[in-house]
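Visitor: Please give me a close look at a single part of this protein, and then show me how that part fits with its surroundings.

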Amino acid sequence: MNEGNEALSIREQAARVLSDLAEAAGLGPGKIVVAGVSTSEVAGKRIGTHGAEDIAAELYEGLEQVRAQYGFELVFQCCEHLNRALVLERGLLERLRLTEVSAVPVPKAGGSMAAGAYRRLKEPCLAETIEAHAGIDIGETMIGMHLRRVAVPFRPSIRYVGEARVNAAWSRPKLIGGERAVYVLPHVQDSSLCD
């Protein structure tokens with residue numbers, strides 16, 4: 001399953017996945033990326049059964065390295081025990097006028113990744129939901145509810161972090177109109193204009 005990744009640390013695997021996504025989606029300042037992670041799955045166990053704070057710390061380092069390089073915002077999805085709320089910096093919550101919810105994620109209620117991120121952020125808080133520009137899902141944690149429409153599936157160069165399967169997506173604006181709609185500014189105008 002994890003073929004080709006053995007030489008890379010967990011931190012390096014996470015960084016590679018997020019870097020691939022950042023390049024493909026053109027992520028940078030002003031963009032938001034949601035990360036959903038099952039440290040149990042990374043360790044080769046069933047989701048929600050063997051949370052690992054040491055794995056969460058390694059993953060955070062790799063993800064933070066890429067976030068700092070590209071300048072986007074990174075938010076972390078909690079597990080279903082906290083209704084998949086998001087750990088983020090208070091400044092982002094206030095700037096986007098998101099709905100704050102009250103809880104402190106811990107490994108048994110929120111998940112090891114969200115708990116670890118909460119302890120590492122400067123001014124952490126939880127938001128009920130967000131509309132992220134892109135996301136990575138390490139261990140099939142179901143991040144789709146926090147992505148903008150329209151989600152475009154993305155396959156990174158490596159498909160596993162540890163033993164956890166990885167999925168990713170970025171979003172694009174909805175294409176509106178019909179057969180006469182134009183989505184790219186044409187170089188030459190034609191004579192069949194709509195008057």
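Guide: Let's start with charge: the 22 positive and 25 negative charges of the protein have mean positions 3 Å apart. Lys and Arg count as positive here and Asp and Glu as negative, while His and the chain ends are not counted; each charge is placed at NZ of Lys, CZ of Arg, CG of Asp or CD of Glu. Please keep in mind that this is a predicted model, where local features need pLDDT of at least 70 and side-chain atom pairs count only at pLDDT 80 or more, whereas totals for chains, interfaces and linings use all residues. Residues are numbered from 1 along each chain as its sequence is written, and side-chain values use heavy atoms, leaving out hydrogens and water.

The protein has five helices and nine strands (DSSP runs numbered from the N terminus, with H or I over at least four residues for helices and E over at least two for strands). Of its 195 residues, 45% count as buried, meaning under 20% relative accessible area, with exposed over 50% and partly exposed in between (1.4 Å probe, protein chains only).

Now for the close look, at strand β1. This strand covers residues 32-37, and six of its six residues are buried. Ile32, Val34 and Gly36 point one way, while Val33, Ala35 and Val37 point the other way. β1 has strand partners too, where pairing takes at least two DSSP bridges between two strands. With β2 (residues 73-77), β1 pairs in the parallel sense over four bridges, and valine 33 stands opposite leucine 74 there. With β6 (residues 134-138), β1 also runs parallel, joined by five bridges; in that pairing aspartate 137 is the bridge partner of glycine 36.

Helix α5 (residues 112-120) brings its own cover to this region: seven of its nine residues are buried, among them Met113, Ala117 and Tyr118. The buried residues of α5 pack against β1, as well as α2, α3 (53-70), β2, β3 (86-89) and β5 (124-127).

That list includes α2 (residues 39-42), the helix that holds serine 40. Serine 40 is buried, with a relative accessible area of 2%. Not counting residues up to four places away in sequence, serine 40 touches Lys45, Arg46, Ile47, Gly48, Thr49, His50 and Gly51, where contact means heavy atoms within 4.5 Å. Across the protein, 68% of contacts between residues at least 6 apart in sequence join residues at least 24 apart.
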